[in-house]
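Open the model in your viewer and keep the selection tool handy. We'll go from stop to stop, picking out pieces and looking at what sits around them.

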Amino acid sequence: MKKLLLASAAAALFAGAAGAEEVKMGISLGFTGPLESLAGPMDKGAQLAMKEVSDSGKLLDGSTVTVVTGDSTCADAAAATATVERLITAEGVRGIVGGMCSGETIASLENVAKANGIVMISPSATSPALSDIEDNGLFFRTAPSDARQGEVMADILTGKGIMSVAVTYTNNDYGKGLADSFQAAYEAKGGKVTVNAPHDDGKADYSAEVAALAAAGGDALAVVGYIDQGGAGVTRAALDTGAFSTFIFPDGMVGTALEEKFGAETAGSIGINPASEGDGRDKFNEMAEAAGFDPHSPYAGEAYDAAALMLLAMQAAGSSDPAAYKDKITEVANAPGEPILPGELGKALEILAGGGDIDYVGASSVEMVGNGESAGTFRETEMKDGALAVIGFR
Amino acid sequence: MDILNAIVAILNFVVIPAAAYGAQLALGALGVTLIYGILRFSNFAHGDTMAFGTAITILVTWALQAAGIGLGPLPTALLALPVGIAATAVLVLLTDRAVYRFYRVQKAAPIILVMASVGVMFVMNGLTRLVIGVNEQQFADGARFVIDVRSFREMTGLAEGLALKTTQLLTVVIAALVVWALFWFLNRTKSGKAMRAYSDNEDLALLSGIDPEKVVRLTWIIAASLATIAGVLYGLDKAFRPFNYFQILLPIFAAAIVGGLGNPLGAIAGGFLVAFSEVAITYPWLKIAGYLAPGWQPEGLLQLLGTEYKFAVSFVILIVVLLFRPTGLFRGKSV
């Protein structure tokens, strides 16, 4: 028995060192839980990139990619940790696309991925806490940190001369993180946050919350929440009582539901959400539609990029060993080199095999900054005649 | 001018929302207190009875809206209300026949009936979700405002605005009508007197030839009507989501107990007391202070309690009253 184990271990090592192999890739996303509606398209996005690489036959001398998925539940850190543990120890994946939500990602990264030395690239965890986490260079993300978004929001508002705002945020890690980072950035630029108060989702009545916000005052109200949850209730009550007429809507507040519910009454309000434009995005949209999923679903493009980056880094390192390819991720993501759009992964693999350099652009214009996170681009929109008009990208 | 602004601000952010909320709580608490007074147990299923009645009303409202039938500036839901009441009455009568009567005949201790009502609560909970789903439903139509902020500002020239929603006005008016009708029924009609007699002394009422089953049926029908009306008004004014009606159970019980369980007048007073405390304690008085004492710039918002602790206010009132006046402010039955 011992000999057999030794032999198989040696075989595994040999396979890792040279020749074609079966590279197992893990996907750990919240297929059940509060963001389950987003997990499907994200999973398909990641698998799209893996399939593209596998079908090209150019990865590590003709290696194939096998996908193993797991449910991270988004909300339950223990369940996410167990899932990642299974992916790494039982399935033997060489890298993981995930986790989905910030809390769950921190737990599985610190407890399992770090201990086993496996690379995780999250397409959607945006908490600022992940920026300076002790990760041994194993953690990356293709979504921008909320700290960056706070700065962008502050820039836009001070640019418009709005110098005092009230802030209400949905009472969870995401809401508090973004509200606090916005407050810090805004006050550094000379703005004044009159009040920074939470609201709970799923309540019938937000008049007390709005009364508090109205008493504090401000030129505008920033609603850091969800359009199909408390965010809509707060906006409705603020409009009804005449407390505010100009709003700032980040992330989950932006969408067609916002236009339908409040389009006519919130003229001049500002929407800010992570979104990219350009050839890479257009190409990804085409590919996603051909593959039968909605490309506009949040973070689907980021998931494609996360999977692509990991596989390209393996090619650049010439090995699927996380310890070897983790240092190559920033290299393939950033200039110099040949710009790579979605659908061009085969070409990228060829360039890398020939010793060339690439600058992966992907669906979300990936540019790695700081501790391995995407700088991200944000779309600024303004409510005009009942619809959100795009002002620009920054 | 400043004093006027302060008054308008208080009206807009405290008095009007609290009055509408208080009327909704009072109607809910009336139902709870009636059942406690006559059937002698705390009905935990009351919140979900409200949800069920509202769900049926919403379905009928949608049908009416689809058929193009409406009430002009008033919400169509008012037309659908009688159907909702009838359906809810049938449901609670069936529940009584299937569950509560068994324990009543056995003269079971009240706590057993309370536990049975918790079971009923979960069943109704599921039933409502089966009928209409778990999501938020919008069914308000007609004119949204009696007075809206912009026209009030233009009319008066004040800096503060005042909004009065149709649903808020409607809530208070309907609650007043319902309360009047209920007291007239309890005090003036033979059936009402029979109910009060049964509530005061069950055995004596039996000896006087009062049919207990008839009294029980009447009580359930009245409780179902009150629950449906309260639920529909709450849903119109705020938003309908089955889970909210489970949450509103706590302030309703707080209102009924504060007023004195079994005492209808107490339920109404309790409803308004809980509502005004919830709103006034979480309201930041900074703006009002600014109008009344110009030049004074306090640091904070002058807010006693953050709005996220709103529900805690009901708990605190409940505990204080139970500690110092266990029978409630209006001398109901002790709990």
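Before the tour starts, one definition: two strands count as paired if DSSP finds at least two bridges between them. Keep in mind too that this is a predicted model.

**Stop 1: a pair of strands in chain A.** Select residues 270–274 and 378–384 of chain A, which are strands S10 and S15. They pair in the antiparallel sense, over five bridges. To find one of the pairings, click A:Ile270, whose bridge partner in S15(A) is A:Glu382.

**Stop 2: over to the next strand.** Stay on S15(A) and add S16(A); six bridges join the two, and they run antiparallel. Here A:Thr381 has A:Val390 in S16(A) as its bridge partner. Now look at the turn of this hairpin, which has two residues between the strands. What sign does phi take at A:Asp385? It is positive, near 50°.

**Stop 3: the whole sheet.** Zoom out and colour the seven strands of chain A in the order S7-S6-S8-S9-S10-S15-S16. Together they make an open sheet with mixed pairing. Which strands stand at the edges? They are S7 (192–199) and S16 (387–393) of chain A; each has a single partner strand, so one side of each is left without a neighbour in the sheet. Look along the sheet and you'll see the strands turned against their neighbours, by 20° on average if direction is ignored.

**Stop 4: the S7 edge.** Select residues 164–170 of chain A, strand S6, together with S7(A). Unlike the antiparallel pairing of S10(A) and S15(A), these strands run parallel, joined by seven bridges. As a landmark, A:Thr168 stands opposite A:Ala197 in S7(A).

**Stop 5: helices across the sheet.** Add residues 207–216 of chain A, helix H7, which lies across S6, S7 and strand S8 (220–224) of chain A. The helix runs at about 175° to S7(A). Is H7(A) enclosed or open? Ten of its ten residues are buried, so H7(A) is largely enclosed by the rest of the structure. Among those buried residues are A:Ser207, A:Glu209, A:Val210 and A:Leu213. Just after the helix, click A:Gly217, where phi is positive at about 80°. Next, add helix H8 (residues 230–240) of chain A: it lies across S6, S7, S8 and strand S9 (247–250) of chain A, at about 160° to S8(A).

**Stop 6: two helices in chain B.** Switch to chain B and select helix H7 (residues 190–200) and helix H9 (residues 212–237). They pack at an angle of about 105°, with their axes 10 Å apart. That makes H7(B) roughly perpendicular to H9(B). Show side chains for the contact: B:Ser191, B:Ala194, B:Met195 and B:Tyr198 from H7(B), and B:Pro212, B:Val215, B:Leu218 and B:Thr219 from H9(B). By class, that is six nonpolar, two polar and no charged residues.

**Stop 7: where the chains meet.** Show both chains; the contact takes 23 residues from chain B and 21 from chain A. On the chain B side, H1 (2–39), H10 (242–247), H12 (264–282) and H13 (286–292) each supply at least two residues. The largest share, three residues, comes from H1(B).

**Last stop: a word of caution.** Chain A averages a pLDDT of 86, and 95% of the residues score at least 70. Select residues 11–18 of chain A, though, and pLDDT stays under 50. Where pLDDT is low, the predicted coordinates should not be read in detail.

Note on methods:
Residues are numbered from 1 along each chain as its sequence is written. Chains are lettered from A and ligands numbered from 1 in the order in which they are written. Helices (H or I, at least four residues) and strands (E, at least two) are DSSP runs, numbered from the N terminus. Axes are lines fitted to C-alpha atoms, for helices over the stretch in contact, and angles run from 0 to 180 degrees between N-to-C directions. Two residues are in contact if their C-beta atoms, placed from the backbone, lie within 7 Å. Angles under 35 degrees count as roughly parallel, over 145 as roughly antiparallel, 65 to 115 as roughly perpendicular and the rest as oblique. Ala, Val, Leu, Ile, Met, Phe, Trp, Tyr, Cys and Pro count as nonpolar, Asp, Glu, Lys and Arg as charged, and the others, Gly among them, as polar. A residue is buried if 20 or more other C-beta atoms lie within 10 Å of its own, exposed if 12 or fewer, and partly exposed in between; C-beta atoms are placed from the backbone. pLDDT is the predictor's confidence in each residue, from 0 to 100.
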